[in-house]
Amino acid sequence: MALVNEHYLKLKAGYLFPEIGRRVRAFIEANPQAGVIRLGIGDVTRPLSPAIIKAFHEAVDELACEETFMGYGPEQGYEFLIDTIIEKSYNPLGVQLKSSEVFISDGSKCDTANILDIFALGNIVAIGDPVYPVYNDTNVMIGRTGDADEKGYYQGLVYMPCNEANGFTPNFPRRKVDIIYLCFPNNPTGAVATREQLTGWVDYALRADAIIFFDAAYEAFITDPAIPHSIYEIEGAKRCAIEFRSFSKTAGFTGVRCALTVVPEELVAQTISGESVHLNRLWNRRQATKFNGVSYPVQKAAAAVYSEEGWKQTREIIDFYMENARIIRDGLASAGLTVYGGVNAPYIWLKTPGGLTSWDFFDKLLNECHVVGTPGSGFGPSGEGFFRLSAFGNRENVIEAVERIRKSLM
Ligand code: MLT
């Protein structure tokens, strides 16, 4: 009989968002007239902008002619997209990258999980708490951890609490670690890291010989010009950091799927015998073997995000979501809730009122307001007593949800 990967059995039964979906579906079945508003999973609601759709259509048409048809593309991504990203998105930040350092993929969720392939199991890994659950669960799946304790902390992972006291930006790990996940702007708390804080992390990683996995999926939502968009804006980061970016929230690609991972050529890790190995070479090998690239029309659509029209339209949508964030944040703060995030990030992180647990507040909002959010404890034990609302809804729903929540608190 085949044996299963028993590390999966250490995980909680369901991934957070499908579990929420299950509860919401059950509620709607029992209350079909409720008019449920979903501000749970960070899924976009605005359609793709016209410049992106035009490029998408044109690329599909190319596939319809023998002369322009294309089969397999480069596993690393088409050069037209990689070069556009470097020129339009990194160079303006003062960051120079080679095209061989950028890898196009179908999502940062997959990349932040798949990157573990090229690192030894014996590495000590530090993650935030609360955290995007993928970082935690994928380390459990590959067998880096023991079981979870009664609070939900997996033995063998180093958790870095993110709380009100540290402004939801983690302090350096309490012990020596080899890999550190950082996510800024942060999912779920909406916190950002200042240039000084990021410089501190890069210096720390260089001193400790650690690698930072920098998840910048929400960088496009930064409104404060002083906040770095890329870890490579910090001196020395190319020697200690891998960066993940995504078109999902930036350009409405949650369903279309396109992202990128930057693995600088100078970034090295070691073999047990002390030989230095370039991680770019390993990631390239991994992708070439296990991945066949993102489809041509999707990459054409992604490149169109950076055309003059495309970026103007994309910015308008980002601004639209950030206005939603302001409406949620201001509306709930004026109703007496303590709210964080929502300024440089599309997530609002609020303290549950009256000491309710995160799941009790979830049930209260669902049952009394017919509004879906995400319980903070679903992101880790330090998220208990907090709740996340996403700003990706449509305007009408956002205004209505805030009104319903305000009324329920009076
Ligand atoms: C979230 O709601 O946290 C995100 O949509 C999840 C994701 O990007 O995978």
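Begin by selecting Val-125 in this predicted model, and then look across to strand β5, where the bridge partner of Val-125 is Ile-179. Widen the selection to residues 125-129, which make up strand β3, and to residues 179-183, which make up strand β5; these two strands run parallel and are joined by two bridges.

Next, bring the rest of the sheet into view, in which β3 and β5 are two of seven strands, set in the order β2-β8-β7-β6-β5-β3-β4. The sheet is open, and the pairing within it is mixed. To find where it ends, select residues 102-105 for β2 and residues 158-161 for β4, the edge strands, each of which pairs on one side only. As you turn the view, note that neighbouring strands of this sheet are turned by 20° against each other on average, with direction ignored.

Keep β2 selected and add helix α8, residues 279-290, which lies across β2, β6 (211-215) and β8 (259-262) and runs at about 25° to β2.

Now move to a pair of helices by selecting residues 50-62 for α2 and residues 308-334 for α10, which pack with their axes 7 Å apart and at an angle of about 130°. Because of that angle, α2 counts as oblique to α10. To see what holds the place of contact, show the side chains of Pro-50, Ala-51 and Ile-52 in α2, together with Glu-309, Gly-310, Gln-313 and Thr-314 in α10. If you colour the residues of this contact by class, three are nonpolar, three are polar and one is charged.

Conventions:
Residues numbered from 1 in each chain as written. Predicted model: local features only at pLDDT ≥ 70, side-chain atom pairs only at ≥ 80, totals over all residues. Heavy atoms only, no water. Pairing = 2+ DSSP bridges. Helix = DSSP H or I, 4+ residues; strand = E, 2+ residues; numbered from the N terminus. Axes fitted to C-alpha atoms, helices over the stretch in contact; angles between N-to-C directions. Contact = heavy atoms within 4.5 Å. Parallel < 35°, antiparallel > 145°, perpendicular 65-115°, else oblique. Nonpolar A, V, L, I, M, F, W, Y, C, P; charged D, E, K, R; others polar.
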